[in-house]
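This report walks through selected local features of a structure and then turns to the contact between its chains. The sequence and the coordinates are shown first.

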Amino acid sequence: MSGAADQAPVLEVRDLQAHFRTRYFGVNREVRAVDGVSFDVRRNEIYGLAGESSSGKTTLVKTIAGLLKPPLEMVGGSARFSFLPEWDAIGRAPQEVVRRIRWRHLSYIMQGSMNVLNPLRRIRYSFRDFAWRHLGGGKAEFDARAAAHLERVKLDPSVLAAYPHELSGGMRQRVTIALATICKPEFIIADEPTTALDVVVQKDVLGMIRTIQREMGSSMLFITHDMGVHAALTDRLGIMYAGRLVEDGETAEIFAEPLHPYTRHLIASLPRIGDIKQREGLEGTPPSLAAPPPGCRFHPRCPLAMPVCATTVPAMIATMPGHRVACHAVNPGIAA
Amino acid sequence: MSALLELDRISKSFSRGGLLSTQRIDAVKEVSFALQVDKPEIFTVIGESGSGKSTLARMILGIHAPSSGQIRLAGRDVAAYERQAFMAEVQPIFQNPFEAFNPLKQLDRYLFMTAERFGGASGRQAAETQTDEALRQVGLSLAEIAGRFPHELSGGQLQRVAIARALVAKPRLIVADEPVSMVDASLRMSIVNLFGRLRDDLGLSIVYITHDLATAYYISDRLVIMQKGVVVEEGPARAVLSTPTHPYSRQLRDAVLTPDSAGAFRVTHSAKAIATPGASS
């Protein structure tokens, strides 16, 4: 756990809004993929983001990383990194600033990133393309450094001479983790880095991510929909539903005492080996983000829904120190 | 007891490479098991990617012919069946419902077509009745689905339509290849529970192929665990998963992360073998 001196946030996200805006034939369509999200990521911790597909997890981290391409637009709010205090979001900083901090201070392991390696280039050249300009030094010196770093993720230095297709999925994933960590960045964003791997390899890779993160003392934003992975890996956890954060707090606390009805359902519905209790799916369907329900976006599927839920957006309130939840049933009468 | 589905030492090998450098890859090696007619069950095949479980599914569906061995449905070799008669007995459900349906085709067309070809419905009226019946079994109705395109439904609904499509043919066996791995967490259990109801209420047998040990434990009656094409362990699902004996099964089970595994990675890891290119990892 983080000590008191580590409490200063490395990333401060405040009321972040990112929408997909399209205009075709005079028809404006706005999909509010991220709508008013606030949270902090502290030094030396892994902050997990959970939520089902199309709940806006990937859009949120793309906005934080400044990877905004039309139709995705950052509409409001801020996402400030401690290593870039002069800009309130990477997406608003000029290109040369972004180029300076990318990989050196902030790295991003993308979804399906085992497929980002150029199939025609040996791993060695991928390392040079990514990291040489930040680390500097001679060619031989850099290669030695890359080889030493590969050993950290339990890969043989001969991997440097291999082409991506010669490596298995798990090895390629470890190469991308090595690429993302070789510059020892302060902040790592990992978007579903192990979803495509099978369970045995996944456990290996997750252990490696944890060890490297601890060694370097970096902060990490870790996204997956797999609650089991969150329980095992993350320090704190945020639950997203339909573009909003509905609950966040210490991972152990959320699993022990989930407050939001959606979180409670997510945790209760997980089948476990050794437990044959009947588990139910949630009725209804995830809402469309182009026309989300008014008030609390979960209310059409919520077992605790009250009249106020359909009209008023619940505020994200700290019910206990360090454990926030946005729900009228938990915090009666507090609107956003 | 007579067998509904019998796999008798089936193997499948693929060859790779050119004329002079042919490599043989054994995807499935000498797999045998049987499902009984009068005892509907959910039979699970577990394995990591590359363990040959999808190849096995394709052979049961008659898409690939086994290299050796025989698959019998109700005592008759699958290869001897006429395709249409076979599909009326055995129906597939695939992993990704968004890829299983043509995005430009209305969903009810699939259901009507299945009803007319395999379900024995003659004429539109009969096809509609049969379709509606099947959709009601999965908690939907024809009124909700008629004229809708795949993008208008969520992943969970679409997977239910895929299950309804399989049911329209009134099969005796369903082969489901990773049916819940693309479905959202909040909807996953409703699909898995639906399989249980199909077994209990309709007496359907289901071959459930998955890498998710937790849902296998939750729903299935018997299972086999495959590694590199070979069955390494088999038996009653709960007994096998509670006390696995084969080292690979134990490794699989220990790798499952559950809400109870909090802090699994807080400890420092012991040094593991260093992987080299070419070695499978």
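Is the crossing of H5(B) and H7(B) left-handed or right-handed? In this predicted model, the crossing of the two helices H5(B) and H7(B) is right-handed. Helix H5 of chain B spans residues 123-137 and helix H7 of chain B spans residues 155-168, and they pack at an angle of about 130 degrees with their axes 8 Å apart. The oblique class covers angles that are neither under 35 degrees, nor 65 to 115, nor over 145, and H5(B) and H7(B) are therefore oblique to each other. On the side of H5(B) the contact is made by B:Gln130, B:Thr131, B:Ala134, B:Leu135 and B:Gln137, while H7(B) contributes B:Ala164, B:Leu167 and B:Val168. Sorted by class, the residues of this contact between H5(B) and H7(B) are five nonpolar and three polar, with no charged residue.

In chain A, strand S6 (residues 187-191) is mostly covered, five of its five residues being buried. In a regular strand the side chains alternate between the two faces of the sheet. For S6(A) both faces are covered, with A:Phe187, A:Ile189 and A:Asp191 buried on one side and A:Ile188 and A:Ala190 buried on the other. S6(A) pairs in the parallel sense with strand S5 (residues 106-109) of chain A over four bridges, and A:Leu106 has A:Phe187 as its bridge partner in S6(A). S6(A) also pairs in the parallel sense with strand S7 (residues 219-223) of chain A, here over five bridges, and A:Ile188 stands opposite A:Met220 in S7(A).

Most residues other than glycine have a negative phi, and most peptide bonds are trans. Two residues with a positive phi are set side by side below.

| Residue | Phi | Loop | Exposure and C-beta neighbours |
|---|---|---|---|
| A:Ala242 | about 50 degrees | between S8 (236-241) and S9 (244-250) of chain A | buried, 23 within 10 Å |
| B:Lys228 | near 50 degrees | between S9 (222-227) and S10 (230-236) of chain B | partly exposed, 16 inside 10 Å |

A residue counts as buried when 20 or more other C-beta atoms lie within 10 Å of its own, and A:Ala242, with 23, is therefore buried. A further backbone feature is the peptide bond from A:Pro70 to A:Pro71, which is cis, with omega near 5 degrees; A:Pro71 is placed in the loop between helix H1 (57-64) and strand S4 (72-81) of chain A.

Which residues does A:Tyr163 contact, leaving aside its neighbours within four places in sequence? With those neighbours set aside, A:Tyr163 is in contact with A:Pro119 and A:Arg122. A:Tyr163 itself lies in the loop between helix H4 (139-152) and H5 of chain A and is partly exposed, with 14 other C-beta atoms within 10 Å. The C-alpha atoms of A:Tyr163 and A:Arg121 are separated by 6.3 Å, although these two residues are 42 residues apart along the chain.

Finally, the contact between the chains takes 48 residues from chain A and 43 residues from chain B. On the side of chain A that touches chain B, at least two residues each are supplied by helix H5 (169-181), helix H6 (199-216), helix H7 (227-233), helix H8 (251-256) and helix H9 (261-268) of chain A. The largest share of that side, eight residues, comes from H6(A). By class, the side of chain A that touches chain B has 22 nonpolar, 15 polar and eleven charged residues.

Terms used. Residues numbered from 1 in each chain as written. Chains lettered and ligands numbered in written order. Predicted model: local features only at pLDDT ≥ 70, side-chain atom pairs only at ≥ 80, totals over all residues. Axes fitted to C-alpha atoms, helices over the stretch in contact; angles between N-to-C directions. Left-handed = near helix turned anticlockwise from the far one by under 90°. Contact = placed C-beta atoms within 7 Å. Nonpolar A, V, L, I, M, F, W, Y, C, P; charged D, E, K, R; others polar. Buried ≥ 20, exposed ≤ 12 C-beta atoms within 10 Å, placed from the backbone. Pairing = 2+ DSSP bridges.
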